[in-house]
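User: Please go through this protein model with me. I will ask short questions and would like short answers.

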Amino acid sequence: MNDRPGRQNYSSEDLREPGIQARVTPEEFFALSQGKAFSPAILEAEDVPPLVYWPGFLPKAQADRLLTLSLDLPWQQQQITIFGKQRPVPRLESYFGDSTAYHYGYSNSVSWQAAPWPDFLADLRSQVEVVTGYAYQVGMGNLYRDGNDSNGYHADDEPELGEDPAIASVSLGATRTFRLKRRKKGAKSWGIALHHGDLLLMQPGCQRNWIHTVPKTARPCGPRINWTFRPYVSLTR
C-alpha cells in the first residue's frame with residue numbers, strides 16, 4: 001500500500017486494540033453463518049465461498065462516529081432499467097475515488113462519476129487496506145434506509161473493477177443479512193447477519209463464481225450503510 005499525503009497512515013500495530021477481533025477464515029465464517037461449531041468436516045460437506053470476516057473490526061465509538069459522518073454525506077437515488085422499464089434503485093448510493101475521472105456503471109443504466117474522498121472515508125480505506133492486504137482506489141456506499149431497501153442478487157464484476165477483484169465491505173448501523181450463492185441453477189444460498197462495525201472481504205474469485213444480495217426484511221430496523229472498497233482499472237488506452 002502506498003502512503004497518501006494528508007491522510008492517516010495505519011500499521012498493524014495501530015489496529016491491535018479492543019474492538020479489533022481476530023479474522024475469521026472462510027470455513028469458520030461458513031460455520032458461524034450456519035450456527036455450527038467449526039470443524040474440518042465442513043470443508044468436505046459444503047461449498048465454501050472465498051470470504052474473510054472480521055467481526056467487531058471497528059470499536060463502537062469509531063463506528064458510531066463514522067455512521068454519523070456518513071449519513072451527512074450527499075446520497076442519491078438513481079433510476080435503473082429492468083426489462084425495459086425504469087424504476088428507482090431500492091437504496092441510496094454514493095461513490096468516491098482517487099480521481100474524479102473514475103466512472104462506474106452497472107445494469108446498463110446506472111452511472112456514477114467519482115467524487116473526491118472525504119477525509120474520514122479515506123482514513124477508513126487506509127485501515128481496511130492494512131488489515132486485508134489489498135489496495136483500493138474507489139469506494140461505493142449503499143444506504144439502506146429501512147427494511148424495505150435492498151440489493152438484489154448480483155456480482156461486482158464490471159470491467160472497471162478489473163479481473164477477479166478483492167472487495168472489502170464495512171457495515172455501519174442496523175444489522176442486515178448478507179446472502180451468497182453459487183452462479184448456477186438451484187444453488188443453495190446461505191447468509192449471515194452483518195453488524196455495526198463488521199468488516200467482510202470478498203476475496204479474488206468470489207465475483208466470478210458467486211452472487212450476493214442484501215434482501216428486504218420485515219423486521220423493523222433503522223438505517224444501515226455499507227462502504228465497499230474496490231480496485232479501479234482504467235478502461236482508456
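The questions and answers below deal with the fold, the pocket, one helix and a few single residues.

User: What kind of model is this, and how are residues numbered?

Analyst: This is a predicted model: local features need pLDDT of at least 70, side-chain atom pairs count only at pLDDT 80 or more, and totals for chains, interfaces and linings use all residues. Side-chain values use heavy atoms, with hydrogens and water left out, and residues are numbered from 1 along each chain as its sequence is written.

User: How many helices and strands does the protein have?

Analyst: Helices (H or I, at least four residues) and strands (E, at least two) are DSSP runs, numbered from the N terminus. On that basis the secondary structure comes to five helices and 15 strands.

User: What percentage of the residues in the protein is buried?

Analyst: Buried means under 20% relative accessible area, exposed over 50%, and partly exposed in between, with a 1.4 Å probe and protein chains only. The protein has 237 residues, and the buried share is 48%.

User: Which residues lie nearest the centre of the largest pocket?

Analyst: A pocket here is an open set of points on a 1 Å grid over the protein atoms alone, where a 1.4 Å probe fits, with protein on both sides within 12 Å along at least five of seven lines; lining residues have an atom within 4 Å of a point. The largest pocket holds about 500 Å³, the space filled by probe spheres set on the points, which are joined across faces, edges and corners. Of its 32 lining residues, those nearest the centre are R91, N151, G152, H154 and D156.

User: Which strand gives the most to the lining of the largest pocket?

Analyst: Several strands supply at least two lining residues each, among them strand 2 (79-82), strand 8 (138-144) and strand 14 (210-214). With four residues, the one that gives the most is strand 15.

User: Is helix 4 mostly covered or uncovered?

Analyst: Helix 4 runs over residues 119-132 and reaches 20 Å from its first C-alpha to its last, close to the 20 Å expected at 1.5 Å a residue (1.5 Å times one less than the number of residues). Its buried residues include F120, L121 and V128. They pack against elements including strand 1 (51-54), helix 3 (60-71) and strand 15. With 11 of its 14 residues buried, helix 4 is mostly covered.

User: Is R125 buried or exposed?

Analyst: R125 lies in helix 4, and its C-alpha is separated by 9.7 Å from that of R230, 105 residues apart along the chain. Because its relative accessibility is 2%, R125 counts as buried.

User: Which residue follows helix 4, and what is its phi?

Analyst: The residue after helix 4 is a glycine, G133. Its phi is positive, near 85°.

User: What is the phi of D164?

Analyst: D164 sits in the loop between strand 9 and strand 10. At 25% relative accessibility, D164 counts as partly exposed. Its phi is positive although the residue is not glycine, with a value near 50°.

User: Why does K184 count as exposed?

Analyst: K184 belongs to the loop between strand 11 (176-182) and strand 12 (189-194). Its C-alpha and that of W210 are separated by 8.7 Å. K184 counts as exposed because its relative accessibility is 54%.

User: Which residues is P88 in contact with, leaving aside its neighbours within four places in sequence?

Analyst: P88 is in strand 3 (residues 85-88), and its C-alpha is 6.0 Å from that of Q78. Contact means heavy atoms within 4.5 Å. Leaving aside those neighbours, the contacts of P88 are Q77, Q78, Q79 and I80.
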